[in-house]
Amino acid sequence: MRTHITPVQLFFLVFAYLLSGFFLFNIHSYYAVAAQFAVFSVFAVMASGALSRRSTGLSDFVSFYVPGAAGTVLTGAFLVLSVFQTVRTTVFYGESIARYCTFLPWWMIFSVLLLCAFLAVKRGMTAVGRFSELLPFLLVPLLFVRPFGDFAPTLSLSDFPVSGVLSCVSCVPVFFLASKTLVSGDEGVSDAMQSANPPPVRRAAFLLQVMLAAAASASLLYGFLTMFTFRAGDVFLSLFLWMLHIIRLSILVGIAVDSVSQASGTGVRTAYTAVLAVSVFAVLAASQSMDPVLRGRLGTAVLAADLLLPAACGVVFAVRRRGSRRGEKQKKKSSA
Amino acid sequence: MSSRYDTVKREFSEAFRDMSDFSFRELVFGEHRIFIAYISNFSSKLYINKYVIEPISHAYENGTANFPLESVITNVKIEGLADFTAASRAVLSGNAVVFYDGYESGYGISVFTKNEEGRSTSEPETENVIRGPHEGFTESGENNAMLLRRRLHTASLKRRDMTVGAVSQTSVSVMYLEGVADPSTVEEVCRRILAIKTDAVLDSGYVEIFIQDGKTPLYPTVGNSERPDKVAAKLLEGRIAVIVDGSPVVLTVPFLFCEALQVTEDYSKSPWYATFIRIIRFAAFLTALYLPALFVALFVRHRDLMPAYLITLVEEARHSLPFSLFWEVLIIFLLFEVVREVGLRMPKAVGSAVGLVGSLILGDSAIEAGIASAPVLIVVALAAVCNFIVPPYMNSNILYRFLMIVVSGVFGLYGFFAAAMLSLLHMCMKTSVGVPYFSPFAPMDFAGLKDFLFMAPIWAMKRVPVSIARKEVIRTKGEKR
């Protein structure tokens, strides 16, 4: 099912994705927050090349840089990366729930993930996008109530944890969300959407602006919300955070579902499904039984891949472009 | 003597046999015989005398009677009847059918003589206002359409008539503003009405069940009102009104979540005050939905999250109670619903007294007898009172609140959050005739947001909500091309 999101929804989805990551991975340094924002910005800029044209999902986005069979394989690699993020998010999400509910079995926590998957299959990103637009309703009362708590900032200026960098940002959701966004003037935009979203002068710049604004808002808000604590266990904050986590999980599951459903051909679809299933089990097994040092290395490897894969895409694109320009020049020479 | 006259007369007598209220008046003017078929009281005898019998007899006496009689009958609404089905339908709709010698094709003329006596317009009891019109719809569909026309003097206000119900043959009218309402939505509404397969439509509620989105939605996707000014305002926003003959409640589609927070009187007040009161309404709505469930989740499963003095307060109030807190909340919640239902069903004069006795005396006695605790009573009563602030969701909220209490009691905060998130996700996907239910805030529509929690002055609401009209319509200029 091909579904799209509006620029407003892109803002809230990016906002929720980042803020959820900050809370989920318990970032406690200003430098780490700034680093995450910087990494996100790099990914957003990388994505902007493809944002200048319409794409309908991750596979379409990748094939813009690397067409053909290589692009299909690369999409699979991106899917493995998203699985890593999904599993990590689920584990941390489960832990955050376990802090509240010691009496709950594990399957109940995973049932939320299943629910996200179901919704992602049923309505694609449209439902998740609309859901994210409800965030201000939980956020506004929180902003008013929060300053009445005890002032106890948890973010420090002295700490610079290397492991904190890249812990909650992955390139795949950034590319995926950007590629799913429709702006006025795009093909297939309804009259209602056309009117609600005034046409931007430059599509890529507009979407980049939206994403950066969302990331900056999330970073600033994280700083504000972690300044105060509530003795009463922060029920309001918990409700807000769980909503953020559900959105984050929905985005990650949505990537997998969308990429599989949009894959051209049964063979590619089966291959993607197999890659996803194997990755889920592998990452789950690794996170359960692996030596902490090895687990850390695996994490570093995945994070390196997160940076390298988009860079590789860019290199392939540049080489292809150069080649095609050369070919054109030669043609001109020979015709002359 | 024409044999066709006798044949038609026999057909009528046969079709309407054993109907004591079916009347058959036969008149003879020289060589011509005329019969008038109608249903007593359903057709007005005064109209029949004045617009059918008198003109014909005058014309005959003056020698100006000429057949066919269409030119003699002075009623403005007459119609030739092609077959017997149309003729019997005309009689059953309250019209008089006139047939005479020499009428060789068709089944006579239908003359509009429907007795339209009924309740006169009065103030709707369910939607009272201090400032604003005190006029409400009545049971007459024609009258209701007229009340809307009286407010919107434009040829753009279109009306389509349909008949539904195999036995009841109820007239249903669809009214909309051309150029503002989305044509595809109008077509969809008409398609849904025409697809109604039932024997009788006795109230607009019947139509609502058939045209709503989803088979059994918990929250309504079709709006309703007894106020012509409110429905007129909705038409101006591109909505469609469905008038059902016999019902004083007019349906409106699409119906969005935000409409429950809007009250007609808001537009007559200062936007500042209207905004304030809307925020209060929204807060009360959330209180009605979530307060008892949150109370149960925190005090049953997560006592460590609550301040010690609150725990002590509740514990002291409940120290001799026979039930757990979860069961106490559920029982009081159900008891309150019983008292409310009794108050509604009792005759008006007794109902309020029963409500008072039920809620005050029973509540007080229950605390004194040690069957219920004051904190639980306060929580349940507060939620119940807050529920009355958004009438369209009153019934749905009761069920939803019950489910939330059960889930929160069993799974604690996790259950509470999961159920709240699940229902929000469900509502995000919900639509009313294709329009997102949470519009204008999900998906966001900036024109629509001016009339949601924060209300802009009327002069600032220049555009019709895009999500409803599905195109940009500027209120003073019409559709933007």
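Me: What makes helix 7 of chain B a helix that lies across the sheet strands?

Reply: This is a predicted model, to start with. Helix 7 (residues 228–236) of chain B lies across strand 7, strand 8, strand 9 and strand 10 of chain B, and runs at about 55° to strand 7 of chain B. Contact here takes C-beta atoms within 7 Å. Helix 6 (residues 204–211) of chain B also lies across strand 7, strand 8, strand 9 and strand 10, at about 20° to strand 10 of chain B.

Me: Why are strand 6 and strand 8 of chain B said to stand at the edges?

Reply: Look at the strand order in chain B: the open sheet of five strands goes 6-7-9-10-8, with antiparallel pairing. Strand 6 (157–164) and strand 8 (223–225) each have a single partner strand, so one side of each has no neighbour in the sheet. As for twist, the average is 25° from one strand to the next.

Me: How do you know that strand 6 and strand 7 of chain B are joined?

Reply: Pairing needs at least two bridges, and eight bridges join strand 6 of chain B to strand 7 (residues 170–177) of chain B, so they qualify as paired. The two run antiparallel, and B:V164 stands opposite B:T170 in strand 7.

Me: What places the largest nonpolar core between two domains of chain B?

Reply: Both domain 2 (141–255) and domain 3 (267–429) of chain B give residues to this core, so it lies between them. The core has 181 residues, and A:L13, A:V14, B:V242 and B:V380 have the most contacts inside it. Helix 11 (residues 235–262) of chain A gives the most, with 15 residues. Leaving out residues up to four places away in sequence, B:V380 touches B:P292, B:V329, B:I332, B:F333 and B:F336.

Me: Which residues does the second, separate core include?

Reply: Among its 28 residues are B:A37, B:I39, B:Y47 and B:L69.

Me: How do you know that the length of helix 10 of chain A agrees with what it should span?

Reply: Helix 10 (residues 203–225) of chain A has 23 residues, which at 1.5 Å a residue should span 33 Å. The expected span uses one less than the number of residues. The end C-alpha atoms are 33 Å apart, so the two agree.

Me: What makes A:L207 and A:Y222 buried?

Reply: The cut-off is 20 or more other C-beta atoms within 10 Å. A:L207 and A:Y222 are listed among the buried residues of helix 10 of chain A, so they meet that cut-off. Others in the list include A:V210, A:M211, A:A214 and A:L225.

Note on methods
Residues are numbered from 1 along each chain as its sequence is written. Chains are lettered from A and ligands numbered from 1 in the order in which they are written. This is a predicted model: local features need pLDDT of at least 70, side-chain atom pairs count only at pLDDT 80 or more; totals for chains, interfaces and linings use all residues. Helices (H or I, at least four residues) and strands (E, at least two) are DSSP runs, numbered from the N terminus. Axes are lines fitted to C-alpha atoms, for helices over the stretch in contact, and angles run from 0 to 180 degrees between N-to-C directions. Two residues are in contact if their C-beta atoms, placed from the backbone, lie within 7 Å. A nonpolar core is a set of buried Ala, Val, Leu, Ile, Met, Phe, Trp, Tyr and Cys residues joined through C-beta atoms within 7 Å. A residue is buried if 20 or more other C-beta atoms lie within 10 Å of its own, exposed if 12 or fewer, and partly exposed in between; C-beta atoms are placed from the backbone. Domain bounds come from an automatic or database domain assignment.
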